[in-house]
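Reader: I'd like a close look at the charged side chains here and who pairs with whom. Could you walk me through them in one go?

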Amino acid sequence: AGINGLDDNLSVTFVPMSAVSEVKGAIVDHIIKPLGEVRKGYTNFIEWDVLFAKITPCMENGKSAVAGKLINNIGFGSTEFYVLRCSEKIYNHYLYHLVRNQSFRDKAKAVMTGAVGQQRVPKSFLEKYPLHFPTLPEQKEIVRILDSLFEKEQKAKELYDVIEKIDLMKKAILARAF
């Protein structure tokens with residue numbers, strides 16, 4: 001993003017790696033920082049870019065998100081993010097689902113480079129990865145279906161957790177009774 005010439009005191013959104021949930025695939029927290037504090041040494045992005053963690057174990061765990069609304073449309077984050085910006089023919093949420101896909105992450109893991117514990121997906125993997133996009137309306141429909149399935153899965157997990165808590169309560173009550 002064009003940040004040259006902007007005042008160092010301008011507030012921007014800062015997203016550390018820990019602020020991206022591998023479960024929800026979303027930015028769950030952010031920090032407001034002055035531009036001068038993050039201008040150098042961090043990865044710059046703008047609203048609606050897709051963030052993809054390139055370092056182990058974050059990449060394998062699915063740390064990626066669509067950067068939503070940002071303060072002054074400017075975001076900065078960990079240098080361990082790749083920033084993927086979509087053209088008008090690519091729906092950012094579709095690309096997000098693609099990079100969160102287990103098959104994609106398995107292929108990325110297979111080509112990681114670097115020392116154990118500090119391995120990263122090389123930029124060349126993303127540059128050479130064969131992408132075939134359906135039409136924009138088809139991409140949006142696929143995303144709608146995937147989001148709906150994910151929402152149902154989350155609700156099922158929450159219900160399961162409630163049932164487990166009820167079972168624990170039953171056992172505790174029975175233990176006290178006897």
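Author: Let's start with Asp 49, which is buried, at a relative accessible area of 2%. Keep in mind that this is a predicted model. What does the side chain of Asp 49 meet in a salt bridge? The partner is Arg 85, with 2.6 Å from N to O. Arg 85 itself counts as partly exposed, at 47% relative accessibility. The two come from distant parts of the chain, 36 residues apart. Asp 49 sits in the loop between strand S5 (43-45) and strand S6 (50-53), while Arg 85 is in the loop between strand S9 (81-84) and helix H3 (92-100).

That pair has company, since the count comes to nine salt bridges. Another one joins Lys 63 and Glu 22, at 3.5 Å from N to O. Lys 63 belongs to the loop between helix H2 (58-61) and strand S7 (64-66), and Glu 22 to the loop between strand S2 (20-21) and strand S3 (26-27), so this bridge ties together parts that are 41 residues apart in sequence. Here the Lys is the buried partner: Lys 63 has a relative accessible area of 11%. Glu 22 is partly exposed, with 32%.

Now for a pair within one helix. Glu 151 and Lys 155 form a salt bridge whose closest N and O atoms are 3.4 Å apart. Why are these two separated by about one helical turn? Because they are four residues apart in helix H6 (residues 136-177). Both ends of this bridge are partly exposed: Glu 151 has a relative accessible area of 46%, and Lys 155 comes in at 47%.

Then there's a charged residue without such a partner. Side chains of opposite charge can pair when their charged atoms come close. Lys 54, in the loop between S6 and H2, is buried yet has no salt bridge. The nearest side chain of opposite charge belongs to Glu 80, and it is 5.0 Å away. A salt bridge needs the nitrogen within 4 Å of a carboxyl oxygen, so at 5.0 Å the Lys 54 and Glu 80 pair doesn't make the list.

So what is Lys 54 in contact with, leaving aside its neighbours within four places in sequence? Glu 80 does turn up there, along with Thr 79, Phe 81 and Tyr 82. Met 59 and Met 112 are contacts too, and so are Gln 119, Arg 120 and Val 121.

Definitions and conventions:
Residues numbered from 1 in each chain as written. Predicted model: local features only at pLDDT ≥ 70, side-chain atom pairs only at ≥ 80, totals over all residues. Heavy atoms only, no water. Buried < 20%, exposed > 50% of the residue type's maximum accessible area, 1.4 Å probe, protein only. Lys, Arg positive; Asp, Glu negative; His and termini not counted. Contact = heavy atoms within 4.5 Å.
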